[in-house]
Amino acid sequence: MHKVIYDTDPGVDDAMALLFLHRHPEIDLLGITTVFGNASVETTTRNALFLKREWNIPAPVSKGAGVTIDSSRTERPWPAMVHGDNGLGDIDVPETIDLPLDPRPAHRFIIDTVRANPGEVRLVAVGRMTNLALALKEDPEIATLVKDVVIMGGNFYVPGNVSPVAEANIHGDPEAADIVMTAPWKVAVIGLDVTAITTMSRSYLGEMAARGDKAVKQLDALSQSYIDFYKHAVEDGMMVHDSCACVYAVAPELFSSISGAVRVVCGGIADGQTIVKRDGRHFPPDGAWDGLPSQIVCTGIDSEKVINLIRNTLLAA
């Protein structure tokens with residue numbers, strides 16, 4: 001079993017990924033930690049509680065960061081055109097959900113859970129990396145106690161989606177992402193290089209909903225406006241960014257990758273750009289790159305098998 005903490009900002013594609021984690025037979029979902037990004041942290045936390053209630057997910061929900069780790073950064077408007085005003089495609093979601101939150105802030109929940117399960121916890125982070133960076137700042141030793149970190153974010157050999165060079169999750173808190181990428185733990189980065197070519201059509205999702213239970217039907221409903229948004233890039237379908245990271249956690253053989261040190265540009269016109277210094281490449285000594293851990297950067301994917309694994313897992317209720 002893979003013991004997973006899911007760090008998320010629900011979010012339409014976050015919802016599909018959550019249902020995948022909940023239903024995959026090899027995943028023990030220890031907790032859901034929320035962060036701002038697709039909406040405010042108040043909204044993403046409400047959404048996490050809503051999905052927990054609707055889908056009977058036993059894992060606790062812990063509210064996380066609502067601002068960037070560098071407090072001087074100015075927040076951009078929430079991407080309502082992508083995820084809807086309520087973050088879940090504007091389906092009917094109550095203003096409040098009558099479920100308790102874990103009393104600990106998300107970064108403390110991460111620290112405590114990792115320390116209670118040394119060498120076993122996998123952090124699957126599909127939003128801004130703020131909670132993970134805060135956990136590292138408060139307790140740097142957890143980097144030696146986490147099994148690994150799987151991130152949906154970044155782009156290396158393809159364009160960004162919020163600027164010519166930056167992907168949304170990383171661009172939303174570059175300083176936090178750089179802290180996470182350079183910490184002495186194992187990170188696998190599943191970015192736009194693979195997620196932007198892994199799409200699910202409206203009809204494919206509709207067929208899943210026709211065969212599936214209430215949760216899959218609800219997922220189909222909340223995804224419709226998200227599919228509409230992607231009409232500029234996908235023919236009547238959507239990119240399944242966050243689910244790709246969750247699939248990597250259980251089926252890394254469906255991905256190809258390179259390895260090397262990863263840094264994130266903080267500031268300027270390349271703000272949020274992710275850069276990899278591939279292992280085996282030699283440059284003059286440079287304090288910005290020397291002595292950093294080698295991380296995994298996914299550059300290839302078997303998209304058809306990934307989509308089918310998502311489908312089979314969601315229908316295995």
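**Exercise 1. Aromatic groupings**

Task: Determine which residues form one aromatic cluster together with Phe229, and characterise the pair of Phe229 and Tyr230.

Solution.
Step 1. Tyr226, Phe229 and Tyr230 make up one aromatic cluster. Rings of Phe, Tyr and Trp (its six-membered ring) pair if their centres lie within 6.5 Å; planes under 30 degrees apart count as stacked, over 60 as edge-to-face and the rest as tilted.
Step 2. The model is predicted: local features need pLDDT of at least 70 and side-chain atom pairs count only at pLDDT 80 or more, whereas totals for chains, interfaces and linings use all residues. Residues are numbered from 1 along each chain as its sequence is written, and side-chain values use heavy atoms, with hydrogens and water left out.
Step 3. Four aromatic pairs are found in a search of the whole structure. One of them, Phe36 with Trp78, is edge-to-face, at 6.4 Å centre to centre and 80° between the planes. This pair links distant parts of the chain, 42 residues apart: Phe36 lies in the loop between strand 2 and helix 2, and Trp78 in the loop between strand 3 and helix 3 (80-83). Helices (H or I, at least four residues) and strands (E, at least two) are DSSP runs, numbered from the N terminus.
Step 4. Phe36 is buried at 0% relative accessible area, while Trp78 is partly exposed at 34%. Buried means under 20% relative accessible area, exposed over 50%, and partly exposed in between (1.4 Å probe, protein chains only).
Step 5. Phe229 and Tyr230 also pair edge-to-face, with 5.2 Å centre to centre and 70° between the planes. Phe229 is partly exposed at 26%; Tyr230 is buried at 7%.

**Exercise 2. The pairing of strand 1**

Task: Establish which strands pair with strand 1, and in which sense.

Solution.
Step 1. Strand 1 spans residues 2-8, and six of its seven residues are buried.
Step 2. Strand 1 runs parallel to strand 2 (residues 27-34), to which seven bridges join it; two strands pair if DSSP finds at least two bridges between them. Tyr6 has Ile32 as its bridge partner in strand 2.
Step 3. Between these strands the chain passes through helix 1 (residues 12-23), giving a right-handed β-α-β crossover. Right-handed means that, with the strands pointing away from the viewer, the path from the first strand over the helix to the second runs clockwise.
Step 4. Strand 4 (residues 121-125) pairs with strand 1 in the parallel sense over five bridges, and Asp7 has Ala125 as its bridge partner there.

**Exercise 3. The surroundings of Ser223**

Task: Is Ser223 buried or exposed, and what does its side chain reach?

Solution.
Step 1. Ser223 lies in helix 10 (residues 214-229) and is buried, with a relative accessible area of 1%.
Step 2. Its side chain reaches the backbone oxygen of Leu219 at 2.7 Å.
Step 3. Apart from neighbours within four places in sequence, Ser223 is in contact (heavy atoms within 4.5 Å) with Val12, Leu205 and Met238.

**Exercise 4. Backbone exceptions**

Task: Locate the cis peptide bond and the residues Asn56 and Asp236, which have positive phi.

Solution.
Step 1. Most residues other than glycine have a negative phi, and most peptide bonds are trans.
Step 2. Pro10 and Gly11 are joined by a cis peptide bond with omega about -10°; Gly11 is in the loop between strand 1 and helix 1.
Step 3. Asn56 has phi of about 55° and sits in the loop between helix 2 (41-54) and strand 3 (61-62). Asn56 is exposed at 64% relative accessibility.
Step 4. Asp236 has phi near 50° and belongs to the loop between helix 10 and strand 8 (237-239). Asp236 is partly exposed at 41%.

Conventions: A polar contact is a pair of N or O atoms within 3.5 Å; within protein, one must be able to donate a hydrogen and the other to accept it, and residues adjacent in sequence count only if both atoms are side-chain atoms.
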